[in-house]
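The following exercises concern protein–DNA and protein–protein surfaces. Each task is followed by a solution in steps.

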Number of protein chains: 2
Amino acid sequence: MENENVSKIKEAILRNNEVFDALAELYKVFGDGTRVRILCALTQSEMNVSEISEFLDITQSAVSHQLRVLKTSSLVKSRRSGKTMIYSLADEHVRAIIDCGMEHIVE
Amino acid sequence: MENENVSKIKEAILRNNEVFDALAELYKVFGDGTRVRILCALTQSEMNVSEISEFLDITQSAVSHQLRVLKTSSLVKSRRSGKTMIYSLADEHVRAIIDCGMEHIVE
DNA sequence: AATTTATATGAATATTTGTTCATACATTCA
DNA sequence: TGAATGTATGAACAAATATTCATATAAATT
């Protein structure tokens, strides 16, 4: 019965660790200037890759690479329109997380 | 007068970039499993270095290094009590940011 | 079909970053 | 004062990551 408790505790820790890792992974995505700029740009309106690239003055390649990261993390979504790909925020959580961080910065 | 506008725009971008960088720097700190674990541990109660080290099963040195990062970012504060240093969350923003990320994870 | 425009991607490189190990610093206690 | 305990820190190494460059893929237009 002690063993049972011990294993329960270990499971709990394991579960927590998974949550912690997920949290860290999420924040890691926000932890890059280029990606934060892209996300903030998309906060204002959806944009295609060229527009993001020009607006933020970042290489098209760099933008594409980072959009891939953002999409993999489910922070942005995309749809095709002819030759261009239009990107937008995946949901309101993204805005919420940005705002949350902003509040800490302005102190 | 056009020049004036241009420089205003440039200033605006510059200001924004600084904000973006600050945001990214903040999230970068949250973007590590060890640091998230430490912060979450301190969410429950203040702890000294040894306690954190044992609780999370992380080397004392690694904990100290990360506590330094967390303190530099004003996410934790510390006070001395005899031979030990007691660490706690710097303010409620930390809790808010963690909760904000959690909400996105649980989807 | 060939060309042009928009985007994605792989490889290479440089930089950043986290941990470990050894050791220094600080405080208490004998 | 010397020993013991708790914490901090520097150097070194390994791993992760962002950008660039070249090129591939995809859609539209002629």
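**Exercise 1.** Classify the residues of the surface near DNA strand C as nonpolar, polar or charged.

*Solution.* Step 1: apply the classes, in which Ala, Val, Leu, Ile, Met, Phe, Trp, Tyr, Cys and Pro are nonpolar, Asp, Glu, Lys and Arg are charged, and the others, Gly among them, are polar. Step 2: assign the residues, which gives four nonpolar, 13 polar and seven charged. The model is predicted, with local features requiring pLDDT of at least 70, side-chain atom pairs counting only at pLDDT 80 or more, and totals for chains, interfaces and linings using all residues. Residues are numbered from 1 along each chain as its sequence is written, chains are lettered from A and ligands numbered from 1 in the order in which they are written, and side-chain values use heavy atoms, without hydrogens and water.

**Exercise 2.** State how many residues surround DNA strand C and which elements supply them.

*Solution.* Step 1: select the residues near the strand (one heavy atom within 4 Å of it). DNA strand C is surrounded by 24 residues, and the closest are S50(A), Y87(A), T34(B), R35(B) and S61(B).
Step 2: map the residues onto helices (DSSP H or I, at least four residues) and strands (E, at least two), numbered from the N terminus. At least two residues each come from α3 (49-56), α4 and β3 (84-89) of chain A and from α2 and α4 of chain B. The largest share, five residues, belongs to α4(A).
Step 3: divide the atoms of DNA strand C within 4 Å of the protein; 66% belong to sugar or phosphate, and the rest to bases.

**Exercise 3.** Which atoms of DNA strand C do S61(A), M85(A) and Y87(A) approach?

*Solution.* Step 1: fix the criterion for a polar contact (a pair of N or O atoms within 3.5 Å; within protein, one must be able to donate a hydrogen and the other to accept it, and residues adjacent in sequence count only if both atoms are side-chain atoms).
Step 2: consider the bases. A polar side-chain atom of S61(A) is 2.7 Å from a base oxygen of DNA strand C.
Step 3: consider the phosphates. Y87(A) places a polar side-chain atom 2.5 Å from a phosphate oxygen of DNA strand C, while a polar backbone atom of M85(A) is 3.3 Å from a phosphate oxygen of that strand.

**Exercise 4.** Describe the surroundings of DNA strand D.

*Solution.* Step 1: list the residues. There are 24 around DNA strand D, with T34(A), R35(A), S61(A), S50(B) and Y87(B) the closest. By class they are four nonpolar, 13 polar and seven charged.
Step 2: list the polar pairs. The side chain of T59(A) has an N or O atom 3.0 Å from a phosphate oxygen of DNA strand D. Base oxygens are approached by a side-chain N or O atom of H65(A) at 3.2 Å and by a polar side-chain atom of S61(B) at 2.8 Å.
Step 3: assign elements. Two or more residues come from each of α2 (33-44) and α4 (60-72) of chain A, and α3 (49-56), α4 (60-72) and β3 (84-89) of chain B. The most, five residues, come from α4(B).

**Exercise 5.** Characterise the interface of chain B and chain A.

*Solution.* Step 1: count contacts (heavy atoms within 4.5 Å). 31 residues of chain B touch 31 residues of chain A.
Step 2: compute buried area (accessible area, 1.4 Å probe, lost by two parts on being put together, summed over both). The chains bury about 2,700 Å², 74% of it on carbon and sulfur atoms. Y27(B), R37(B) and H104(B) supply 25% of the area that chain B buries against chain A, more than any other three residues.
Step 3: find salt bridges (a side-chain nitrogen of Lys or Arg within 4 Å of a carboxyl oxygen of Asp or Glu). Two are counted between chain B and chain A. D21(B) pairs with R37(A) at 3.1 Å, N to O, and D21(A) with R37(B) at 3.1 Å, N to O. The latter pair crosses from helix α1 (residues 2-30) of chain A to helix α2 of chain B.

**Exercise 6.** What relation holds between chain B and chain A?

*Solution.* Step 1: superpose the copies by least squares on C-alpha atoms of residues with pLDDT of at least 70 in both. A turn of 180° and a shift of 0.0 Å along the axis lay chain B on chain A with an RMSD of 0.0 Å.
Step 2: identify the relation, which is that of a two-fold axis.
Step 3: compare the surfaces. The same surface serves both copies, as 100% of the contact residues of chain B recur in chain A.
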